[in-house]
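Colleague: I'm new to this one and would like to learn how to read its ligand site. Could you walk me through it?

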Amino acid sequence: MKLNHLYESQQFSPELLFSLFQNAEHMKQNPKFYSSALNEKVLATLFYEPSTRTRLSFESAMLKLGGSVISTENAKEFSSAVKGESIQDTIRIVSSYADAIVIRHYEQGAAELASQISKVPIINAGDGKGQHPTQALLDMFTIYKEINRIKDFTIIFVGDLASGRTVRSLSYLLGKFENIKIIFVSPENLKIGEDIKAYLIRHNIEFKEETDLNKVLPIADIIYMTRIQKERISKEDYEEAKGKYIINENNLHLIKQDARIMHPLPHVEEISLPLHIEQEDKRVAYFRQAENGLYIRMALLHHLLK
Ligand code: CP
């Protein structure tokens with residue numbers, strides 16, 4: 001199965017996922033073998049919202065594959081969007097300059113719209129409160145590497161589940177695997193969307209909603225923490241939710257020794273562990289998770305462009 005564009009995580013089949021995992025691992029072990037794989041190809045990164053990991057890992061991935069990168073790190077302010085240019089016109093133009101486009105946009109559905117216009121592959125790097133499919137891809141790769149399986153586990157999603165596009169994308173992807181149990185832990189005002197629950201029901205994925213984090217920590221194989229997204233919610237919702245769910249030294253002991261703490265990052269107070277624990281406790285997986293993003297994005301670019 002070959003993808004032309006990637007705008008939502010439902011597009012990944014289990015077969016494609018495993019093939020990308022295998023290639024990502026091979027690329028990590030054999031960097032020289034791939035160092036000119038995408039020679040003469042150009043990647044455009046169009047970011048209308050801030051990013052550290054996604055933009056830089058895509059750009060690094062392209063460079064490591066021998067390609068080149070053109071970029072607007074703040075397209076909302078420094079591209080012709082400021083002059084009123086539509087996303088459709090921007091994509092028409094950029095797709096004649098580049099061989100693939102990675103786009104992060106503040107509007108849900110922007111990447112899918114771009115894919116209908118673009119002459120070259122579009123990769124969704126986050127569309128408002130919609131999806132972040134390459135984050136779900138690196139999350140699954142991380143789960144696979146950390147617990148050696150992507151079935152038969154319990155995952156708890158914690159935090160702002162109403163605006164969290166990473167949780168939405170990963171939930172959609174989990175719907176394709178067996179014997180996965182999901183527990184959504186969120187403040188009452190930031191609960192997971194009905195569309196995700198309906199999808200999980202259709203795919204026979206067991207899930208429940210919970211408000212007490214410490215009650216469910218001991219049964220989790222994966223704890224997926226998320227930040228309360230101040231920039232996407234009202235001041236009142238933020239004040240009500242902030243500081244409610246935290247992993248720190250007071251509840252770390254509740255987490256199983258073979259479980260893993262993940263986070264798409266950036267994290268703020270929801271993970272408040274001292275540096276020595278972040279460096280030494282193998283349950284802390286979020287920095288390895290971010291590093292995995294580089295190799296899995298190399299595999300994805302190779303898939304789309306080769
Ligand atoms: N996880 C993630 O999307 O991080 P950035 O916002 O830094 O790209």
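Modeller: Sure. Keep in mind that this is a predicted model. To start, a residue is near a molecule if one of its heavy atoms lies within 4 Å of it.

Colleague: Okay, so which residues are around the ligand?

Modeller: Going along the chain, you meet Ser-51, Thr-52, Arg-53 and Thr-54, then Arg-104, His-132 and Gln-135, and finally Pro-264 and Leu-265. Sorted by class, that shell has 5 polar, 2 charged and 2 nonpolar residues.

Colleague: Which domains does the shell draw from?

Modeller: Domain 1 (9-131 + 291-305) and domain 2 (133-289) each supply at least three residues.

Colleague: And how do I spot polar contacts?

Modeller: Look for a pair of N or O atoms within 3.5 Å. Here, a backbone N or O atom of Thr-52 lies 2.8 Å from an oxygen atom of the ligand. Arg-104 uses a polar side-chain atom, 2.9 Å from a ligand oxygen. With Leu-265 the backbone is involved again: one of its N or O atoms lies 3.1 Å from a nitrogen atom of the ligand.

Colleague: How much of the ligand's accessible area does the protein cover?

Modeller: On its own the ligand has 250 Å² of accessible area, and the protein covers 90% of that. The space the ligand takes is the largest pocket.

Colleague: What about cavities: how many are there of 30 Å³ or more?

Modeller: A cavity is space where a probe fits but cannot get out. The count comes to 1 cavity of 30 Å³ or more. The largest cavity has a volume of about 40 Å³, and its lining includes Arg-53, Gln-135, Pro-264, Tyr-286 and Arg-297.

Note on methods: Residues numbered from 1 in each chain as written. Predicted model: local features only at pLDDT ≥ 70, side-chain atom pairs only at ≥ 80, totals over all residues. Heavy atoms only, no water. Polar contact = N/O pair within 3.5 Å; in protein donor to acceptor, adjacent residues only side chain to side chain. Areas by Shrake-Rupley, 256 points an atom, 1.4 Å probe, with all protein chains shown as cover. 1 Å grid on protein atoms, 1.4 Å probe; cavity = no way out; pocket = protein on both sides within 12 Å on 5 of 7 lines; lining within 4 Å. Sits in = over half its atoms within 2 Å of the grid points. Nonpolar A, V, L, I, M, F, W, Y, C, P; charged D, E, K, R; others polar. Domains from an automatic or database assignment. Points joined across faces, edges and corners; volume = space filled by probe spheres on them.
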